[in-house]
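Reader: Could you zoom in on one part of this model, the side-chain packing, and take your time with it? I'd like you to start from a single residue and work outward from there.

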Amino acid sequence: GAYVMLGLHRMPYPLELDCIEGVMMDHVARLADGKPMYVEPTLHYIPLAYMPLFATVSSFLARIWGPEFWEPRLVAFSASLLLSTLMAVIVFAETRRPTLAIAAPGVFLMGFAFNGAAYDIARPDSLMLLFTFAGLATLRFTRGIPGALGAAVLLALGFFTKQHSILF
């Protein structure tokens, strides 16, 4: 509950909450304007070495309302909440113990302060983790080619959100 309240409180904040948010907003604004994200660096724009999916998803919101910090924060915050739900579902499916299912996302959300408070800001980490864990869960709980293909798609989406997904 505390994490949800904090995320909702921080989402509309009009300034950067992290050193990457401004550059990420440059990516979102460029994509919303139909410009490429990866161009030769200049004094006015230097692209990050991040994969494009997070900025692309956020740019769809920016095309409707204009680029604002709340849009990529909404994507990241929603992804962190879905990831927390996925953790609870996976742990319950494996253990059939509701206490452990509640504890899993609780432990994850308690790490909020230890990782620089980055679950709900304009960074691709939460969305990458959501896709990656969903892909791994698909591998665990499905059988056959359709399950493998679904997992491959989710894991590829994780990679195209942030390249660190390849570690999983």
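Author: Start with Phe-112: its relative accessible area is 11%, and because the cut-off for buried is under 20%, Phe-112 counts as buried. Keep in mind that this is a predicted model. Eight aromatic pairs turn up in the structure. In one of them, the ring of Phe-112 meets that of Tyr-119 edge-to-face, with 5.6 Å from centre to centre and 65 degrees between the planes. Tyr-119 is buried as well, at 8% relative accessible area. Another pair joins Phe-159 and Phe-160: the centres are 5.4 Å apart and the planes are at 80 degrees, so this one is edge-to-face too. Here the burial is another story, as Phe-159 is partly exposed at 27% and Phe-160 is partly exposed at 40%.

Back to Phe-112, which has further company. Ring pairs string Tyr-3, Phe-77, Phe-108, Phe-112 and Tyr-119 together into a cluster. Tyr-3 is a handy way out of that cluster, because it leads to helix H1. In that helix, Tyr-3 is buried along with Gly-7 and Arg-10. Look down the H1 axis and these buried residues fall within an arc of 70 degrees, so they line one face of the helix. The spacing makes sense: an α-helix has 3.6 residues a turn, so residues three or four places apart point the same way. Ala-2, Met-5 and His-9 are exposed on the other side of H1. As for what the buried face packs against, the partners are H4 and H5.

Leu-81 shows one piece of this packing up close. This leucine belongs to H4 and touches both Tyr-3 and Val-4, leaving aside residues up to four places away in sequence. It is not fully tucked away, though: with a relative accessible area of 28%, Leu-81 is partly exposed. Its C-alpha is also 9.0 Å from that of Ser-126, although the two are 45 residues apart in sequence.

Now for the charge on the buried face of H1. Arg-10 has 17% relative accessibility, so it counts as buried. What does its side chain meet in a salt bridge? The partner is Asp-120, with 2.8 Å from N to O. Arg-10 lies in H1 (residues 2-10) and Asp-120 in the loop between H5 and H6, so the pair ties together parts that are 110 residues apart in sequence. Asp-120 is buried too, at 4% relative accessibility. In general, side chains of opposite charge can pair when their charged atoms come close.

Altogether there are six salt bridges in the structure. Arg-73 and Glu-21 make one of them, again at 2.8 Å from N to O. That bridge links distant parts of the chain, with Arg-73 in helix H4 and Glu-21 in helix H2, 52 residues apart. Both Arg-73 and Glu-21 are buried. In another bridge, the closest N and O atoms of Lys-162 and Asp-125 are 2.4 Å apart. Lys-162 is in the segment after helix H7 (144-161) and Asp-125 is in helix H6, so to speak two distant parts of the chain, 37 residues apart. Lys-162 is buried at 7% relative accessibility, and Asp-125 is buried at 19%. These two also belong to a network of salt bridges that takes in Asp-18 and Arg-123. A charge can meet a ring here as well: the charged end of Arg-30 sits over the ring of Tyr-45, 4.4 Å from its centre.

To finish, step back to the nonpolar side chains. The largest nonpolar core holds 35 residues, and Met-24, Phe-54, Ala-55, Leu-83, Leu-127 and Leu-130 have the most contacts inside it. Helices H2 (21-32), H3 (53-65), H4 (70-95), H5 (98-110) and H6 (125-141) each give two or more residues to this core. H4 supplies the largest share, seven residues. Leu-130 is a good place to look: beyond residues up to four places away in sequence, it touches Ala-79, Leu-82, Leu-83 and Leu-86.

Note on methods
Residues are numbered from 1 along each chain as its sequence is written. Side-chain values use heavy atoms; hydrogens and water are left out. A nonpolar core is a set of buried Ala, Val, Leu, Ile, Met, Phe, Trp, Tyr and Cys residues joined through side-chain atoms within 4.5 Å. Buried means under 20% relative accessible area, exposed over 50%, partly exposed in between (1.4 Å probe, protein chains only). Helices (H or I, at least four residues) and strands (E, at least two) are DSSP runs, numbered from the N terminus. Contact means heavy atoms within 4.5 Å. A salt bridge is a side-chain nitrogen of Lys or Arg within 4 Å of a carboxyl oxygen of Asp or Glu. Rings of Phe, Tyr and Trp (its six-membered ring) pair if their centres lie within 6.5 Å; planes under 30 degrees apart count as stacked, over 60 as edge-to-face and the rest as tilted. A charge sits over a ring if NZ of Lys or CZ of Arg is within 6 Å of the ring centre and within 35 degrees of the ring normal. The arc is that of the directions from the helix axis to the C-beta atoms.
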